[in-house]
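Here is a short set of exercises to work through at your own pace. Keep the model open beside you and try each task before reading its solution.

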Amino acid sequence: MKTRESKVIFQTYKRYPIEVSHAKGCRIFDINGNSYLDMLGGIAVNALGHGHPAIIAAAKDQIDKYMHISNYFYQAPQVELAEKIVEMSCFDRIFFSNSGTEAMEGAIKLVRKWGKQNGKSTLVAFSGGFHGRTYGALSIMDKPAYKEDMGPFLDDTLVIPHNDVKTLEATINEKTAAVFLEFVQGEGGLSVPSNAFVSKIKELKEKYGFLLVADEIQAGIGRTGKLFGFEHFDIEPDLATMAKGIGGGLPLGGIAAKEFLAGIWNKGQHGTTYGGNAVACATGLAVLKELENGVMDHVQKVGNFLEKKLLNIRDKYKDKVTEVRGIGLMRGLALNFDAALLVEKLVQKRVVANAASGTVLRLVPPLIISYEEITHFIEVLDNALNEM
Ligand code: PLP
């Protein structure tokens with residue numbers, strides 16, 4: 001498969017040496033019958049793990065009715081999912097897209113239009129942030145590897161140091177249209193903004209009146225033990241972008257916004273053919289119902305358990321592990337060496353995880369992971385670090 005793949009597919013992905021046969025719960029099975037513990041969750045996508053009966057039932061039920069019908073029609077799965085998000089959050093209006101980066105593009109367009117009406121235009125984001133691979137999203141990111149030789153990018157964007165209160169204060173002014181923040185940075189190495197940083201954003205928002213956009217594409221949909229990551233902080237964004245977990249494994253993204261932004265777009269000014277696909281919305285609703293029905297409480301408990309175990313690992317391997325980061329089941333183990341080496345070792349030991357920002361081991365397992373599975377992971381991690 002590796003050879004065939006290398007002949008016909010653009011070589012943009014670094015892949016595990018695993019050819020997947022099937023997956024169930026928190027386990028991935030290869031074609032040779034090996035089973036791997038999934039600490040990656042499809043990169044924070046498979047909130048309910050693989051093959052969850054509620055997801056499968058919702059998908060089958062909707063497929064029997066219709067799969068795609070276009071956004072010219074009223075579709076119950078879209079409305080029901082939007083109603084559920086509104087019920088569970090501080091937001092009032094939803095726009096559905098297919099992916100995270102499209103949600104970001106929509107949010108950037110919305111913010112720019114709102115800015116035009118309010119005499120503001122600058123977009124401010126933070127170093128290490130990851131918002132997607134399209135031009136708008138890349139324009140508010142600073143990592144050269146994602147952008148090199150592909151400019152020009154959007155004008156009037158600034159990426160300033162993360163968690164730096166002084167630079168934030170010196171940058172924001174009446175021209176700032178929006179600030180984009182991940183409340184737990186995914187690709188950026190699982191960094192969490194300090195309370196001082198978030199309260200400075202809040203203070204400046206009150207002073208200058210910009211929009212705050214929470215990129216909840218990775219941290220949202222129960223991953224931190226709350227629906228959105230920002231709920232761990234004393235702040236309410238005007239907009240949140242989401243994707244990954246919301247589709248339960250099918251491609252779905254979205255923008256959630258406060259009511260005062262509801263009228264910003266005229267009919268036809270923003271749209272998508274597939275966005276809000278009926279099957280993806282049906283599985284999304286199944287995800288949210290499960291989250292409400294105990295999965296988010298479970299994330300808080302097992303998230304704390306995982307954190308405690310990781311802190312023990314840090315104490316045991318002080319020469320290799322520098323820090324435990326993140327919230328809930330979005331955790332990072334900061335290392336003082338290339339995390340790809342540890343990832344490789346873990347895969348040899350039948351555990352799948354990945355590296356973020358070079359030296360951080362990223363752990364974003366399915367939200368239904370059990371205490372036993374976490375204990376097994378920690379044993380494997382302990383062995384792996386011991387051998388390194
Ligand atoms: N924003 C964040 C925080 C992400 O983690 C990602 C993807 O990893 C994106 C945006 C882009 O989402 P997608 O890959 O669905 O376009």
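**Exercise 1. Decide whether Lys84 is buried or exposed, then find its surroundings.**

Solution. Start with accessibility: Lys84 has a relative accessible area of 12%, so this lysine is buried (buried means under 20% relative accessible area, exposed over 50%, partly exposed in between, with a 1.4 Å probe and protein chains only). Next, place the residue: Lys84 belongs to helix H4, residues 76-88 (helices are DSSP runs of H or I with at least four residues, strands are E runs of at least two, and both are numbered from the N terminus). Finally, list the partners. Leaving aside neighbours within four places in sequence, Lys84 is in contact with Leu285, Leu288, Lys289 and Glu292 (contact means heavy atoms within 4.5 Å).

A word on the model before going on: it is predicted, local features need pLDDT of at least 70, side-chain atom pairs count only at pLDDT 80 or more, and totals for chains, interfaces and linings use all residues. Residues are numbered from 1 along each chain as its sequence is written, and side-chain values use heavy atoms, with hydrogens and water left out.

**Exercise 2. Describe how H3 and H10 pack.**

Solution. Take the geometry to begin with: helix H3 (residues 53-65) and H10 pack at an angle of about 150°, their axes 8 Å apart. Here axes are lines fitted to C-alpha atoms, for helices over the stretch in contact, and angles run from 0 to 180 degrees between N-to-C directions. The two helices are therefore roughly antiparallel (over 145 degrees; under 35 is roughly parallel, 65 to 115 roughly perpendicular and the rest oblique). Now look at the residues: Ala54, Ile55, Ala58, Ala59, Gln62 and Ile63 of H3 meet Ala278, Val279, Ala282, Thr283, Ala286, Val287 and Glu290 of H10. Sorted by class, this contact has 10 nonpolar, 2 polar and 1 charged residues (Ala, Val, Leu, Ile, Met, Phe, Trp, Tyr, Cys and Pro count as nonpolar, Asp, Glu, Lys and Arg as charged, and the others, Gly among them, as polar).

**Exercise 3. Do the same for H11 and H12, then follow Leu381.**

Solution. Helix H11 (residues 339-348) and helix H12 (residues 371-387) pack at about 120°, with axes 10 Å apart, and are therefore oblique to each other. From H11, Leu342, Lys345 and Leu346 meet Phe377, Val380, Leu381, Ala384, Leu385 and Glu387 of H12. By class, that contact has 7 nonpolar, no polar and 2 charged residues. Not counting residues up to four places away in sequence, Leu381 touches Leu310, Ile313, Leu333, Leu342, Leu346 and Leu361.

Step back to the core: the largest nonpolar core has 91 residues, and Leu346, Leu361, Phe377 and Leu381 have the most contacts inside it (a nonpolar core is a set of buried Ala, Val, Leu, Ile, Met, Phe, Trp, Tyr and Cys residues joined through side-chain atoms within 4.5 Å). Helix H10 (residues 278-316) gives the most to this core, with 13 residues.

**Exercise 4. Which backbone values stand out at Ile43, and at the bond from Gly151 to Pro152?**

Solution. Recall the background: most residues other than glycine have a negative phi, and most peptide bonds are trans. Ile43 has a positive phi of about 60° although it is not a glycine. Ile43 lies in helix H2 (residues 41-44) and is partly exposed, at 32% relative accessible area. The Gly151 to Pro152 peptide bond is cis, with omega near 0°; Pro152 sits in the loop between helix H7 (144-147) and strand E6 (157-160).
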